[in-house]
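Please open the model in a viewer and keep the sequence panel beside it. The stops below are given in the order in which they may be selected.

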Amino acid sequence: MKKIFFFLLASFVLFSCSRDDDSSPVSIVGTWYMSSVTMKGTLSYNGQSAPVNEDRATDACSQKSTMIFNADGTGSVTSFANNNGTCEQLLSETFTYKFDGNTKVLTITQAGTTESVTLSFSGSNKFSYGETLNNVNFGDYYPQYDGFYYTGTISTVFVKK
């Protein structure tokens with residue numbers, strides 16, 4: 001699942017996060033669009049590093065990035081990013097999932113790997129997800145950024161329209 005979320009989040013980085021918890025049960029079924037991303041950490045390249053403290057709304061291209069959760073426990077993720085003025089699709093993959101609306105724990109299985117995370121909801125149409133990354137090479141996802149490493153926290157907000 002880190003691959004799914006990292007694709008969505010990293011597509012936004014080289015371009016946001018309000019959290020309000022609600023303890024009532026929620027449903028994840030539907031189409032969710034990336035809304036904003038927050039990164040706090042360090043970006044390193046060729047032995048040099050710089051602090052990253054970004055909190056931004058997505059641009060029009062990144063807002064096409066979606067996570068779709070079907071009622072039958074299947075889903076898909078599609079990620080877009082602006083590459084020098086061209087909106088490019090970076091990822092389109094499917095997965096299976098389980099979601100507990102009371103605990104807000106989402107478990108995704110993709111390509112034989114299963115991971116669980118707790119989502120933070122604000123009402124029924126907005127959730128955020130965050131994680132800590134350690135020395136992740138953006139080149140693993142975007143060849144043009146090979147050698148750029150990120151360490152820190154990254155979180156994103158998704159909205160259902």
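The tour begins with the whole chain, then turns to a disulfide and to one strand with its neighbours.

**Before selecting.** This is a predicted model, in which local features need pLDDT of at least 70 and side-chain atom pairs count only at pLDDT 80 or more, whereas totals for chains, interfaces and linings use all residues. Residues are numbered from 1 along each chain as its sequence is written, and side-chain values use heavy atoms, with hydrogens and water left out.

**The whole chain.** Display the chain as a cartoon: one helix and 10 strands are present. Helices (H or I, at least four residues) and strands (E, at least two) are DSSP runs, numbered from the N terminus. Read from the N terminus, the order is α-β-β-β-β-β-β-β-β-β-β. Of the 161 residues, 43% are buried; buried means under 20% relative accessible area, exposed over 50%, and partly exposed in between, with a 1.4 Å probe and protein chains only. The chain exposes about 7,900 Å², and carbon and sulfur atoms supply 46% of this area. Accessible areas come from the Shrake-Rupley method with a 1.4 Å probe, and for residues only the protein chains shown count as cover.

**The disulfide.** Select Cys61 and Cys87, which are joined by a disulfide with an S to S distance of 2.1 Å. A disulfide is here a pair of cysteine sulfur atoms within 2.5 Å. This pair links distant parts of the chain, 26 residues apart: Cys61 lies in the loop between β2 (48-57) and β3 (66-69), and Cys87 in strand β5. The torsion about the S-S bond of Cys61 and Cys87 is about 85°, so the disulfide is right-handed. Cys61 counts as buried because its relative accessibility is 8%, while Cys87, at 34%, counts as partly exposed.

**Strand β6.** Next, select residues 105-110 and show the side chains. Which side chains of β6 point to the buried face? Leu106, Ile108 and Gln110 do, whereas Val105, Thr107 and Thr109 point to the other face and are not buried. In a regular strand the side chains alternate between the two faces of the sheet.

**The neighbours of β6.** Add β5 (residues 86-100), which pairs with β6 in the antiparallel sense over five bridges; two strands pair if DSSP finds at least two bridges between them. Asp100 has Val105 of β6 as its bridge partner. Four residues separate the strands of this β5-β6 hairpin, where Lys104 takes a positive phi near 65°. Finally, add β7 (residues 113-118), which runs antiparallel to β6 and is joined to β6 by six bridges. Ile108 has Glu115 of β7 as its bridge partner. In the hairpin of β6 and β7, two residues lie between the strands, and Ala111 takes a positive phi near 50°.
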